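Open your viewer and get ready to make a few selections. Each stop on this tour tells you what to pick and what to look for there.

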Amino acid sequence: MGCNVLRIIALARSVFGISTLLAVSIFPATALAQGSESRITTTFVWVEILSALILLSSGVAIWVIARNQTKRIRELKREAEKLRDADFGEPLPVQPGELGELAAVFNDMRDKLKATTISRDYVDSILSSMNDAIIVTTSDGTIKRVNKATSHMLGYEEQEVVGTTIDFIVSTGKSGTLVDQKPSGVPREAFFESKFGESIPVSYTCSSLSGKEDDSGDKIYAAQNITERRRAEKRIRYLARIDALTKIPNRMQFQHLLQRCIARARRSANPLCLFYIDIDAFKEINDTFGHLAGDTTLETVAERLSAVLPDDTIIGRLAGDEFAVILDGLGPDENGRKQTDTLAKRLLGRLADPFFVQGHEVFMTASMGIAYYPKDAPNVIDLIRNADAALYHAKKSGGNVYSYYEPAMNEAAVERLMTKSKLKRAFERDELLVHYQPKYNLETGEVFGAEALVRWELPERGMILPSDFIPIAEETNLIIEIGEWVLDKVCEDFRFWQRSVSSPGRVSVNLSLKQLRQPNFTRRISSILRSYEVSPTSLELEITETTLMENPERTIKLLDQLYALGLHLAIDDFGTGYSSLSALQQFPISTLKIDKSFVRHVSTNPDDATIVSTIVQMGQNLNMDVVAEGVESEYQLAFLQKLGCTYVQGLLFGDPMSSDSYLELLLAQVEGTDTHRALFA
Ligand code: C2E
Ligand code: MG
Ligand code: MG
């Protein structure tokens, strides 16, 4: 036993190497000298065991503490690694002590990082799910990011374009540079170029990317591919301008071209000559051989005119069997007259050649009226009318002849002068009226509002429609006074209706170019609205495409002011103008009105049906309301309903009505006794 104890002591000594030191300090030298050997040995052994145990337990404690700290540090490291990989997990337990404080800071950091990462992921998922191509650039046009739709449109992966300038993806040859583009948010157009060299028309906006902490000047481009829209637009413009049967310009297009020729002739002080041609007894051809033969005859006329006249001559079909030809540079001087005579005879001669329809030989002749610009008329309308007066004269002489216009032929011109002075008097005497044509919501059949239409009641002639006097008023400044009077009257009526019904709907008023050109137009409108306490949001202004495009820059500013007032703006007679929808997009317009000339023939003319459905679709794509005017039949109503057109107006629901009748209609609707709804079922 003693031996074993000694061995343990030796071991403890060798392990700790301190026993002697302890023994010396605990037991004074005198005791050692006096005590027996065995007692000393036992005490010594116990002291050594005790120290060994103390040392051992502190070692264990230190080891446990160290292990615990290491575990928590490892945990922190693991969490940091997870954070690096955007894996947020659960927050760390927070214990007292410095590591606990570190864990609390760490949790805080985790929460913040989680919030920003989630919002970044959110933005990323928005960007990648957007259909518009989104391109973010620095202020100097260097691309920083693009979304999936951009890659899809252009065929580039994000990394292929990041770092290049925006011009890298732009057809700069067609669109110029976009690098220096100032952000404005206004829609513009450009051509992008894909990886495969394809040029893609786009409508885009460039805005500045401004956030709370972002004043970096970064720009964001949002672009839409408008290839399809361009194609559709081109098609409706073509269909709207070209006569489907003869493939030559229709009346609208012909008048437009004549307008351009006259403007050119005016600038260069040259004359021009207009031939107005009408087939003699066309009705007989139609009645005898049928409509198919009639169509063939019309095609033959167009072909023959083209064949006889010089290549660049403008030929148009103005109506049924009426054609017209513009001869640039041909004047009424002696030499010009000679040339005109020769050409007119040649044309009539060629037209009179017999031709065959379904095995029958058809003999056809034509008559012709001739008028010169500027000698016989200074503008399109008068030139056509005077050539027509000359044609009428030729017909009266038995047909197959031509006549030159002479002032005596045109009694209408005299009447026009008289009308002008009468109109002025009528206006001064307060003889004009405003009628209202209700507009209906196609989905619900509810009255949505009305269009104000001016009327003139002449005691000896009854009601005169605006188409017969507005153009005359337009020739003088009378249209400005009439326009303002209409606005005033509409607001007065509106205030009256408001006393009986809570919402009389939205009333639209037609604007003429001259009104828009007035320098203080916005102020005038807002003062009228204020004086009748009518909200601007109850009013819509209808403006034709031609008026809008007359001076686009000025008009945009004006319309922006009107829009800011709260007024609604509509494009009237859409489809009959010459501007592109893209050009019209720069105006703050919310409604497209399809011209009644297209609606009229949707059941019989597939081209018109295409035009109408394309316009409705284009309106939907651009988030615009679409109003179809001139709805006369249930077929047209059902057709428009199927297309998803928004509103309709037309004679199907009755004539435009007085202010009182419109109020009655609104009241009937409130009471549920209105009768038109069955039509929409
Ligand atoms: P708009 O603005 O296109 O007006 C629609 C015209 O179509 C109106 O002719 C209306 O009576 C007519 N209409 C409506 N539904 C039908 C239908 O189902 N069938 C047919 N055949 N016609 C229908 P309205 O009243 O003769 O006006 C002709 C044009 O005169 C208007 O065309 C507008 O441009 C102009 N106008 C009317 N009132 C004013 C006015 O107060 N100021 C100005 N500046 N122009 C006006
Ligand atoms: Mg209108
Ligand atoms: Mg219209």
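Start with ligand 1 and the residues around it: strand β14 gives the largest share of this shell, four residues. Select β14 (447–458), then add α16 (466–475), α17 (478–500) and β18, since each of these elements supplies at least two residues of the shell. Helices here are DSSP runs of H or I with at least four residues, strands are runs of E with at least two, and both are numbered from the N terminus.

A word on what you are looking at: this is a predicted model, where local features need pLDDT of at least 70 and side-chain atom pairs count only at pLDDT 80 or more, while totals for chains, interfaces and linings use all residues. Residues are numbered from 1 along each chain as its sequence is written, chains are lettered from A and ligands numbered from 1 in the order in which they are written, and side-chain values use heavy atoms, with hydrogens and water left out.

Now show the whole shell, which holds 25 residues, the closest being Arg455, Asn510, Asp572, Glu632 and Leu651. To belong, a residue needs a heavy atom within 4 Å of the ligand. Colour the shell by type and you will find eleven nonpolar, six polar and eight charged residues. In this scheme Ala, Val, Leu, Ile, Met, Phe, Trp, Tyr, Cys and Pro are nonpolar, Asp, Glu, Lys and Arg are charged, and the others, Gly among them, are polar.

Next, zoom in on three contacts. A polar side-chain atom of Glu632 sits 2.4 Å from a nitrogen atom of ligand 1. The side chain of Asp572 has an N or O atom 2.7 Å from an oxygen atom of the ligand, and for Leu651 a polar backbone atom lies 2.8 Å from a ligand oxygen. How much of ligand 1 does the protein cover? Of the 790 Å² of accessible area that the ligand has on its own, 86% is covered; such areas come from the Shrake-Rupley method with a 1.4 Å probe, and for residues only the protein chains shown count as cover.

Keep Asp572 selected and display the magnesium ions. Asp572 coordinates both ligand 2 and ligand 3, two magnesium ions 3.8 Å apart. Which protein atoms are the donors of ligand 3? They are Asp572 (OD), Asp573 (OD) and, listed twice, Glu629 (OE), at 2.1 to 2.4 Å. Donors are N, O and S atoms within 2.8 Å of the metal (3.2 Å for Na, K and Ca); water is not among the atoms, so sites may look incomplete. Asp573 belongs to β18 (residues 568–574), whereas Glu629 is 56 residues away in the loop between β20 (625–628) and α25 (634–643). Asp573 is partly exposed at 22% relative accessible area, and Glu629 is buried at 6%. Buried means under 20%, exposed over 50%, and partly exposed in between (1.4 Å probe, protein chains only).

Three backbone stops remain. Select Tyr373 and Pro374, which are joined by a cis peptide bond with omega about 0°; Pro374 lies in the loop between β11 (366–373) and α14 (380–396). Then pick Lys247, a residue other than glycine with a positive phi of about 60°, in the loop between α9 (227–241) and α10 (251–268). Finish at Asn623, whose phi is also positive, near 60°, and which is exposed at 71% relative accessibility.

Key: A polar contact is a pair of N or O atoms within 3.5 Å; within protein, one must be able to donate a hydrogen and the other to accept it, and residues adjacent in sequence count only if both atoms are side-chain atoms.
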